[in-house]
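Trainee: I should like to learn how to read a helical protein model. May we go through one together?

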Amino acid sequence: MNMTEPMFLALTALVDEPRHGYGIVQEVERLSDGKVQLKIGTLYGVLDRLAAEGLVALDREEVQSGRLRRYYRLTDSGERALQTEVARLSGTLQTATERLSARRGAVSTRPSVAGGAA
């Protein structure tokens, strides 16, 4: 499965407890230091896809101020998918770090040109 950033963040938001849609939006914003602000339409599209894949499930429904709130929870399959994605991203991060270190090493060993370009 190709996991998008909104999917990754929604699953991450559900690791510690079930949350309703707006709670997921708030947690994603907090997890990303305000860099990702999921729109409600995007969130429910993501939740529908995650539920279809069996990665999240409806935990419960509550009525708050006359409005129905659906709480979603991470499933065991969702936890495994999130762990797999974390491992994949960690590997990519390690590769990028190694390449940047190699570049810095290569740059520092290049002879400098006095006086700049002619």
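The questions below concern the helices of this model and the residues that they bury.

Mentor: This is a predicted model, in which local features need pLDDT of at least 70 and side-chain atom pairs count only at pLDDT 80 or more, while totals for chains, interfaces and linings use all residues. Residues are numbered from 1 along each chain as its sequence is written, and side-chain values use heavy atoms, with hydrogens and water left out.

Trainee: What span is expected for H4 at 1.5 Å a residue?

Mentor: Helices (H or I, at least four residues) and strands (E, at least two) are DSSP runs, numbered from the N terminus. The expected span of a helix is 1.5 Å times one less than its number of residues. H4 has 34 residues, and its end C-alpha atoms are 50 Å apart, which agrees with the expected span of 50 Å.

Trainee: Which elements do the buried residues of H4 pack against?

Mentor: Buried means under 20% relative accessible area, exposed over 50%, and partly exposed in between (1.4 Å probe, protein chains only). In H4, the buried residues are Gly78, Ala81, Leu82 and Glu85. Contact means heavy atoms within 4.5 Å. The elements that these residues pack against are H1 and E3.

Trainee: Is Leu100 buried, partly exposed or exposed?

Mentor: Leu100 is found in helix H4, residues 76-109. The C-alpha atoms of Leu100 and Gln64 are separated by 51 Å, although the two residues are 36 apart along the chain. With a relative accessible area of 48%, Leu100 is partly exposed.

Trainee: Within what arc do the buried residues of H3 fall?

Mentor: The buried residues of H3 (residues 40-52) are Leu43, Val46, Leu47 and Leu50. The arc is that of the directions from the helix axis to the C-beta atoms. Seen down the axis of H3, the buried residues line one face of the helix, because they fall within an arc of 100°.

Trainee: Which exposed residues does the face of H3 turned away from its buried side carry?

Mentor: On the buried side, H3 packs against helix H1 (5-13), helix H2 (21-31), strand E2 (56-64) and strand E3 (67-74). The face turned away from that side carries the exposed residues Gly41, Asp48 and Ala52.

Trainee: Which residue just after H3 takes a positive phi?

Mentor: H3 has 13 residues and reaches 18 Å from its first C-alpha to its last. Just after H3, a positive phi of about 80° is taken by Gly54.
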